There are 2 protein chains.
Amino acid sequence: MMDRRGTRTGEVMEAIRRRMAGRTLSPGEKLPSIRSFAATMGVSPSTVVEAYDRLAAEGVIQSRPGSGFYVSGALPPLALADAEPRRDRAIDPFWVSRQSLDSGAEMLKPGCGWLPADWMPNAAIRRAIRQLARADDGLLADYGGTRGSLPLRRLLARQFADEGIAAGADQILLTASGTQAIDLICRFLLRPGDTVLVDDPCYFNFQALLRAHQARVVGVPYTRTGPDAELFAQALAAHRPRLYITNSALHNPTGATMTPQTAHRLLCAAAAHDLTIVEDDIFAGFEPEPSPRLAALDGLARVIRIGSFSKTLSASIRCGYIAARPDWVEALVDLQVATNFGGPSPAAAELVFATLNDGSYRKHLDGLRRRLARVRRETAAKLEVLGLRPWLMPRGGFYLWCSLPDGRNAADLARAALHDNVVLAPGDVFSVSHTASGFLRFNVAQMGEPRIYDVLARAMGGGLRPTASFSV
Amino acid sequence: MMDRRGTRTGEVMEAIRRRMAGRTLSPGEKLPSIRSFAATMGVSPSTVVEAYDRLAAEGVIQSRPGSGFYVSGALPPLALADAEPRRDRAIDPFWVSRQSLDSGAEMLKPGCGWLPADWMPNAAIRRAIRQLARADDGLLADYGGTRGSLPLRRLLARQFADEGIAAGADQILLTASGTQAIDLICRFLLRPGDTVLVDDPCYFNFQALLRAHQARVVGVPYTRTGPDAELFAQALAAHRPRLYITNSALHNPTGATMTPQTAHRLLCAAAAHDLTIVEDDIFAGFEPEPSPRLAALDGLARVIRIGSFSKTLSASIRCGYIAARPDWVEALVDLQVATNFGGPSPAAAELVFATLNDGSYRKHLDGLRRRLARVRRETAAKLEVLGLRPWLMPRGGFYLWCSLPDGRNAADLARAALHDNVVLAPGDVFSVSHTASGFLRFNVAQMGEPRIYDVLARAMGGGLRPTASFSV
């Protein structure tokens with residue numbers, strides 16, 4: 001009897017350890033209640049009590065009297081004092097998302113990841129909408145095909161051909177968004193516990209997404225010419241990742257561009273270790289001239305290209321895409337049917353197609369690039385006055401990745417600025433290794449308000465306080 | 001050395017067994033190639049060869065010379081001779097989806113799950129679209145809040161209040177579709193290997209979705225008054241499922257309605273076993289008068305209500321919703337940000353809101369219900385002539401779940417009808433236990449073409465051939 005009880009205790013301990021390894025339970029997170037976990041495991045509550053006590057004795061978890069058991073580990077640098085349960089986590093990648101998506105019009109958002117609404121091609125979109133009002137009943141009412149709008153896929157195939165990527169319309173799958181495109185690929189290729197390589201720093205939502213897939217995330221230091229190719233190859237050998245996710249042109253958050261040499265070295269290393277690469281091309285439209293693409297060099301053999309229209313066309317009319325090997329697209333179609341019943345909204349795809357085809361769209365892109373080049377220079381100059389220095393001057397896009405003066409902590413600054421209704425993007429939310437606390441990502445298109453610089457200056461004055469507390 | 005090699009072989013065997021247990025590898029599916037799986041596992045190809053050989057000796061997998069290794073097990077009753085890899089599976093729930101979504105205008109689709117386009121409220125949708133063309137730039141260009149359109153959530157909250165469900169707008173989360181709503185809940189509550197209860201028969205895509213989550217699916221026999229409450233309670237005790245997914249009103253595929261007694265018994269059993277229930281209310285708009293709802297009885301404590309507008313408004317302008325406990329909604333918001341960056345398309349939500357608010361929408365629903373009642377009677381009468389008998393006459397909706405004359409096999413019929421450009425929905429794609437081969441689900445709104453009955457009559461003539469082969 002004791003033996004069996006002992007075995008069950010061990011099983012419960014093992015189940016908790018597995019959840020921690022798979023990131024289902026993260027540092028600082030509360031463990032399931034005794035009663036509910038007993039039911040989950042099909043054991044008695046006393047068995048769970050014993051298992052939790054033993055894990056606490058090992059220091060793996062901690063008991064907080066009157067509250068329950070919590071996973072031990074680093075406390076969240078950006079934990080909000082009044083946090084919801086899921087916000088109470090180490091360097092929460094949801095912080096910037098939710099602050100910038102959900103806060104009201106009184107908030108200034110130099111930390112957000114999109115252009116102001118009046119920079120978008122709204123006249124062309126309104127024309128497309130009026131045209132949609134005259135479309136066939138079928139387009140307005142039906143689900144549409146599983147790959148999504150054929151005219152839009154053909155248009156994309158032509159664009160890809162111009163970039164040297166031969167992909168038929170059948171190799172393109174439309175999705176509800178760029179993020180959902182990556183999500184679908186992760187579902188297809190990853191299993192809980194698999195390792196995924198990302199750039200350090202990288203787009204913070206990659207980390208959130210990979211956490212949702214219970215992937216192990218390993219960062220590769222990012223240089224001004226792309227990820228460090230030497231360390232990339234070492235990481236492949238050491239961690240055998242299943243996937244690498246990157247932006248090759250106009251990298252988020254640094255704005256850097258990968259050189260052809262780096263691209264070639266990455267692909268050679270990827271081939272040697274049978275690694276799949278997701279190339280997120282969401283900022284492609286902002287490039288002054290095309291830069292090397294992994295998908296073009298590789299020919300969509302082990303590279304999957306994804307993208308969307310949210311940055312240059314509309315984030316309200318959402319549509320993304322995947323271009324990949326034909327057999328993978330087939331599998332992804334099934335997965336998208338299972339998880340979203342069919343492709344993206346046919347009405348949305350039609351609006352995107354009509355806007356891209358509008359005579360004004362190319363001029364809109366040209367205008368955006370010129371305008372961004374100007375505000376990038378102006379913003380960089382104003383930030384330099386405050387001691388905020390761009391890590392590099394990007395060729396395009398709207399990001400400036402800036403280092404803070406010695407000793408300043410970006411998370412402290414973000415907390416202080418939030419008091420003044422300014423949402424910043426502190427470096428560590430982009431960094432898997434949490435080594436970017438001395439950086440902020442600025443969106444130069446959202447920096448027109450002089451008040452932002454006042455708030456920054458004031459926050460920088462207090463930016464040395466390591467114990468700055470946060471409350472709303 | 002031999003020891004270590006032996007251990008590694010065991011690990012590879014164990015990895016394959018785990019994938020089979022978690023449904024990552026299903027009966028009939030091809031195993032990864034020796035080379036790629038060796039790379040995945042970080043072992044030599046010869047180790048994988050040995051592991052595959054041993055599994056083959058155990059009968060777990062089978063070698064097909066010149067082709068590779070396949071998981072043993074029942075052969076897919078609906079396997080297409082020219083199948084893509086992912087189609088080549090036991091009772092493939094993707095079959096009906098892809099046939100009905102992707103086939104051309106020459107196909108008649110009495111097996112599909114939606115109304116003809118000209119039955120939808122297209123005039124009101126066109127008015128909503130023209131109104132959208134005059135909206136603010138922000139609505140046309142921005143991501144919108146993470147919960148989705150507040151006006152639409154408020155409208156839903158008022159509808160729920162009328163049904164006796166007190167849910168504030170903050171307890172409602174808009175999603176890209178009804179399927180995506182369930183998907184998000186599965187991500188939140190399920191871990192690979194968890195057990196989920198469904199009705200037998202149930203909407204076939206529930207099975208596809210749960211397979212994507214690597215859940216173990218257990219079916220509860222469905223009766224004319226809802227799931228068999230006795231067997232439901234037994235299944236909870238025996239399998240300790242995490243989740244039960246059902247349509248409580250106008251069940252898909254049978255069209256049955258759960259009685260208040262059944263609803264009460266299910267909720268008592270669920271409470272005793274700490275089960276969460278997802279109530280998919282997608283056919284609610286078709287009910288002649290409201291029927292008991294699990295969410296109303298339970299008060300959204302352990303029931304999560306989901307729904308969408310695809311069946312009565314538009315499947316092209318896609319939008320779904322989740323109503324749940326406030327803390328669960330918070331967690332689901334984070335998950336939706338991570339996997340889709342934000343909520344559903346604000347433009348789509350605005351079109352749905354404007355159409356629901358259009359004075360004509362209530363009349364549209366009344367008209368739909370009357371029209372469906374009429375074609376339901378007419379279709380049932382025509383099917384009876386062919387020996388196809390409705391299991392029950394539904395109170396509403398567009399489905400008729402019909403039994404075939406003795407010995408006829410629905411999958412054979414579906415294969416034969418596909419030759420004649422008619423897509424049917426054979427019973428076993430809805431049945432976890434594959435015990436519905438004597439049923440077909442018909443969509444009475446898609447049965448206007450006399451040719452359908454000719455094709456059915458012809459196919460029934462040949463429906464006894466158990467070895468009917470399929471080729472396109």
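Modeller: Angles between axes under 35 degrees count as roughly parallel, over 145 as roughly antiparallel, 65 to 115 as roughly perpendicular and the rest as oblique. This model is predicted, so local features need pLDDT of at least 70 and side-chain atom pairs 80 or more, while totals for chains, interfaces and linings use all residues. Residues are numbered from 1 along each chain, chains are lettered from A and ligands numbered from 1 as written, and side-chain values use heavy atoms, without hydrogens or water.

Biologist: How are α13(A) and α9(B) oriented to each other?

Modeller: Helix α13 of chain A (residues 326–340) packs on helix α9 of chain B (residues 204–212), with axes 8 Å apart. Helices here are DSSP runs of H or I, at least four residues, and strands are runs of E, at least two. Axes are fitted to C-alpha atoms over the stretch in contact, with angles from 0 to 180 degrees between N-to-C directions. The angle is about 115 degrees, so α13(A) and α9(B) are roughly perpendicular.

Biologist: Which residues of α9(B) make the contact?

Modeller: Contact means heavy atoms within 4.5 Å. From α13(A) come A:Leu335, A:Val337, A:Ala338 and A:Thr339, and from α9(B) come B:Asn205, B:Ala208, B:Leu209 and B:Ala212.

Biologist: What kind of axis relates the two copies?

Modeller: A turn of 180 degrees with a shift of 0.1 Å along the axis lays chain A on chain B with an RMSD of 0.3 Å. Superposition is by least squares on C-alpha atoms with pLDDT of at least 70 in both copies. The copies are thus related as by a two-fold rotation axis.

Biologist: In chain A, which residue has the C-alpha nearest the axis?

Modeller: The distance from the axis to that C-alpha is 3.0 Å. The residue is A:Arg130.
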